[in-house]
Amino acid sequence: MPDYKLRRSLLYVPGNMPSMLQNIPIFNCDSVIIDLEDAVPLSEKDAARHLVKRFLMQYTDRNKELLVRINPLDTRWGYEDLKVVLPAMPDGIRLPKADTPEIVERLDTLLTEFEEELEVEIGRFGILPSLESALGVINAVGIARSSQRIFALAFGAEDYTASMEIERSRGGEELFNARTRVLWAAKANGIQALDTIFADVGDMEGLRAETELAKRLGYTGKCLVNPRQIEVVHEVFAPKKHEVEYALQVIEAIQRARQLGTGVISLGGKMVDAPVVKRAARVLRTAYAHGMVDTLIDEEAIHGAQ
Amino acid sequence: MALNSLGREIPESYAGRKLVPYGDPYSITPSGSVAARRLRRVNPGASKLLSSLREAIEASGLKDGMTIATHHSLRNGDFLLNRLVAEIADMGIRGIWIASSSVHPVHAEIIPHIKSGVVAGFHCGVNGLIGEMASRGELSCPIVVRTHGGRARAIMEGSVQVDVAFIAAPCCDEYGNMNGYSGPSACGSLGYAQTDALHAACVVAVTDNLVPFPVVPVSIPQTLVDYVVTVDRLGDPAKIVSTTTRITTDPVGLQIASFASQVIEASGLLKDGFSFQTGSGGISLAVSDKVRNAMRRGNIKGSFGCGGITGYFVEMLEEGLFGALMDVQCFDQEAVKSIAKNRAHQEIGADMYANPFNAGAVVNRLDCVILGATEVDTSFNVNVNTESNGYLLHNTGGHSDTAAGAKLSIIVAPSIRGRLPIVRDRVTTVTTPGETIGVVVTERGIAVNDRHPELKEELIRRKLPVKEIGELQREICRVTGTPQPLQFEDQVVAVIEYRDGSIIDAVRRVKE
């Protein structure tokens with residue numbers, strides 16, 4: 001079954017700064033990516049992973065998804081990151097520079113080994129591959145299929161533009177093809193697509209425009225570098241009022257049909273088919289997260305309809 | 001020693017005065033009349049103009065043991081109090097009490113004069129080094145900390161008799177008409193000085209901007225002013241008001257502001273006629289910004305903004321979001337410019353602002369006030385006077401006045417200050433009683449006083465992170481650890497007076 005977890009906002013937090021780690025519980029992003037890679041200087045790699053472990057161990061009443069961005073597996077830090085951090089039970093690993101399916105498969109194998117050692121369910125740790133080079137974008141489809149643990153593909157524009165030897169512009173026209181290819185790979189494999197960061201934390205209008213573009217293309221979430229960006233991103237990903245109203249009508253129609261014992265569901269004279277139900281379910285889950293509806297949808301009703 | 005209703009141990013008397021323990025915010029009813037002062041007569045042709053500060057002190061009849069007052073609208077840019085005390089010391093006068101509306105860090109210059117006995121005590125709160133040194137037992141001078149409303153009350157009822165009020169007048173004529181709107185030391189409202197001018201036995205206007213008669217508009221009129229003296233400079237314009245007061249960009253501060261604004265929306269108070277006060281801090285301004293947007297969205301026309309006024313409130317006035325501003329002190333240059341030009345930007349005295357013993361203070365008409373805290377305890381008591389190291393570093397300002405007057409008082413504060421939790425079992429010093437606090441907002445959650453059950457229910461319905469205050473404390477302490485209690489000596493270095501004159505707490509010497 002596809003992963004429907006809401007991931008509108010994935011906030012990066014440096015793994016070497018206790019003052020920022022301690023604020024993780026308070027921000028209302030959907031996921032946090034604790035960074036052991038680019039944000040951490042070489043001299044602090046060792047200290048940071050132990051700090052992150054300590055933090056995760058004491059952060060017991062977790063109120064959001066927690067991912068850890070490890071260093072690439074072909075560096076001398078990647079494996080150590082896993083070894084130290086996984087016993088503290090993050091929800092998943094963000095794998096940087098996921099250029100090929102083989103790299104992801106290697107991580108999958110390692111995670112399975114750790115799960116056996118830790119005596120937790122196999123598949124407990126998810127993988128979020130970061131497609132951030134020309135090679136990664138070309139291999140997007142293969143990467144999306146390389147592990148059952150993958151719940152989304154993330155596009156990383158900063159490294160991508162570096163690999164293409166181009167500058168990133170405010171409008172992002174140079175990213176269009178890569179963005180779309182990552183999106184196709186994700187959608188074709190029933191997983192989420194998460195857009196790149198917007199680095200200028202002072203430019204809220206630029207952030208809004210880029211997020212709107214990503215949403216129009218089909219992305220369902222965005223990676224963030226500052227908590228101030230959360231509100232804008234959530235606003236953009238919030239469903240429109242008329243979408244929520246229609247989705248509620250769809251659910252009502254399903255329930256009505258079940259009460260009548262009929263398999264045929266119609267709304268306003270039109271058939272309600274599986275894609276319509278799926279879209280309505282997604283809209284209502286998002287609406288619930290935004291406080292636009294009071295209760296979560298009846299999953300049983302939805303899946304019964306499918 | 002006596003215990004007040006909050007369980008605070010206070011001395012039975014202090015600096016020769018018998019103390020009344022705090023009981024509750026509203027029950028003390030005054031008796032008697034407003035304190036009188038002598039009549040005087042100034043005949044045609046007489047001049048009030050004197051040539052120097054020393055001449056003015058001599059003319060005022062200031063003697064050993066008397067009380068002087070200045071206002072703090074020039075804030076950390078004030079030169080007057082330091083110059084006055086230096087002059088008084090040169091003249092050989094001793095045992096002077098200072099009843100200024102506040103003493104700022106810039107006034108640390110008078111410390112040698114406290115040590116030498118020229119200054120005998122303070123009828124006001126102190127910001128900065130004086131309080132710190134008193135807390136360490138290095139200064140021997142009684143300090144009675146008062147709220148802005150409480151100070152006006154004390155002066156008006158005569159429990160503090162100001163013998164000479166020296167009023168820094170940014171714009172003044174030779175007959176003593178003055179305002180704070182223009183000149184190199186412009187500070188805007190002269191709200192605190194208005195009370196002094198009405199009740200001091202002698203009033204001296206001190207100006208660095210003598211203008212032809214008559215000054216208009218008049219904030220303090222000639223009928224109250226005995227002498228006028230000019231000086232080179234009243235203060236440092238760069239420090240008189242903040243040049244910029246900005247919305248915080250700190251994500252934690254913005255999170256707090258977001259919660260606070262949602263509390264205001266959930267309270268049901270944000271409707272036509274809404275009245276509001278905030279401070280000038282970055283979080284307060286962020287709350288104002290969000291409230292402003294909510295008012296725009298809802299097409300809400302507020303009644304008035306109050307207190308220390310900032311450019312933010314001026315913009316809201318000019319946009320029509322408020323009908324008036326009630327201004328006891330201007331917090332920035334935009335407010336100073338506005339008070340001089342906007343008819344609906346009303347200058348008010350401290351009495352009208354917050355005195356509990358008159359026929360109705362403006363704070364009583366407030367719907368909502370946003371306040372800060374250095375500590376809050378699990379009974380919602382708030383400390384703004386002492387830091388968590390026990391040092392007396394801050395004045396009360398209008399904190400307890402507005403908390404008592406407003407329908408809803410909201411404390412906004414980061415859950416961790418330095419490395420210390422903001423919520424404690426027991427605050428180091430009670431400034432404002434918990435029974436007048438509605439909600440405590442931190443980035444980790446919102447605690448609602450049981451006195452507002454409907455608001456609490458509504459916030460939960462809106463899925464805001466409502467927590468019991470003890471739960472919030474435990475959550476914060478999981479990050480910070482539980483701090484060791486501070487150790488104090490028995491020696492009382494200051495008493496904290498509640499707005500009605502009762503004593504809400506005593507500040508003791510810190511055990512080093």
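Biologist: Which residue follows helix H10 of chain B, and what is the sign of its phi?

Modeller: This is a predicted model, and in it H10(B) is followed by B:Gly320, whose phi is positive, near 90 degrees.

Biologist: Is helix H10 of chain B enclosed or open, and how does one decide?

Modeller: One asks how many of its residues are buried, and a residue counts as buried when its relative accessible area is under 20%. Helix H10, residues 311-318 of chain B, has six buried residues out of eight, so it is largely enclosed by the rest of the structure. Those six are B:Gly311, B:Tyr312, B:Phe313, B:Val314, B:Met316 and B:Leu317.

Biologist: Against which elements do the buried residues of H10(B) pack?

Modeller: Their partners belong to chain B and include three helices or strands that I name here as examples: helix H9 (282-297), strand E16 (302-309) and helix H11 (333-341). Strand E15 (275-277), strand E17 (322-330) and strand E18 (345-347) are also among the partners.

Biologist: How should I read the meeting of chain B and chain A?

Modeller: The size of an interface is often given as the accessible area lost when the parts come together. Here chain B and chain A bury about 1,100 Å² between them, and 48% of it lies on carbon and sulfur atoms. On chain B's part of that area, B:Pro251, B:Arg444 and B:Lys463 supply 38%, more than any other three residues. The contact draws 12 residues from chain B and 16 residues from chain A.

Biologist: How many salt bridges link chain B and chain A?

Modeller: There are two salt bridges between these chains. One of them joins the side chains of A:Asp61 and B:Arg478, at 3.6 Å from N to O. Helix H8 (251-267) and helix H15 (469-480) of chain B are the elements that give two or more residues to the side of chain B that touches chain A. H8(B) gives the most, with four residues. By character, the residues on this side of chain B divide into five nonpolar, two polar and five charged.

Biologist: Which residues does UniProt list under "binding site"?

Modeller: The unreviewed UniProt entry lists A:Arg69 and A:Glu132. They are spread over 64 residues of sequence, yet they cluster in space, with a largest C-alpha distance of 13.7 Å. The same record places the feature "domain: HpcH/HpaI aldolase/citrate lyase" at residues 8-227 of chain A. Over that range the chain is 40% helix and 17% strand, and the end C-alpha atoms are 13 Å apart.

Biologist: Is A:Arg69 buried or exposed, and where is A:Glu132 found?

Modeller: A:Arg69 has a relative accessible area of 8%, so it is buried. A:Arg69 lies in strand E3 (residues 65-69) of chain A, and its contacts beyond its sequence neighbours include A:Tyr12, A:Asp38 and A:Arg94. A:Glu132 is found in the loop between strand E5 (126-131) and helix H5 (134-138) of chain A. A:Glu132 also counts as buried, at 5% relative accessibility. Beyond its own sequence neighbours, A:Glu132 is in contact with A:Pro96, A:Lys97, A:Gly156, A:Asp159 and A:Tyr160.

Biologist: How far apart are B:Thr378 and B:Val423 in sequence and in space?

Modeller: They are 45 residues apart in sequence and 6.8 Å apart in space, C-alpha to C-alpha. B:Thr378 sits in the loop between strand E20 (375-377) and strand E21 (382-383) of chain B. At 29% relative accessibility, B:Thr378 counts as partly exposed. The residues that B:Thr378 touches farther along the sequence include B:Val423, B:Asp425 and B:Gln473.

Key
Residues are numbered from 1 along each chain as its sequence is written. Chains are lettered from A and ligands numbered from 1 in the order in which they are written. This is a predicted model: local features need pLDDT of at least 70, side-chain atom pairs count only at pLDDT 80 or more; totals for chains, interfaces and linings use all residues. Side-chain values use heavy atoms; hydrogens and water are left out. Contact means heavy atoms within 4.5 Å. Buried area is the accessible area (1.4 Å probe) that two parts lose on being put together, summed over both. A salt bridge is a side-chain nitrogen of Lys or Arg within 4 Å of a carboxyl oxygen of Asp or Glu. Ala, Val, Leu, Ile, Met, Phe, Trp, Tyr, Cys and Pro count as nonpolar, Asp, Glu, Lys and Arg as charged, and the others, Gly among them, as polar. UniProt positions are given in the numbering used here, feature names are shortened, and annotations may be inferred rather than shown by experiment. Buried means under 20% relative accessible area, exposed over 50%, partly exposed in between (1.4 Å probe, protein chains only). Lists of a residue's contacts leave out its neighbours within four places in sequence.
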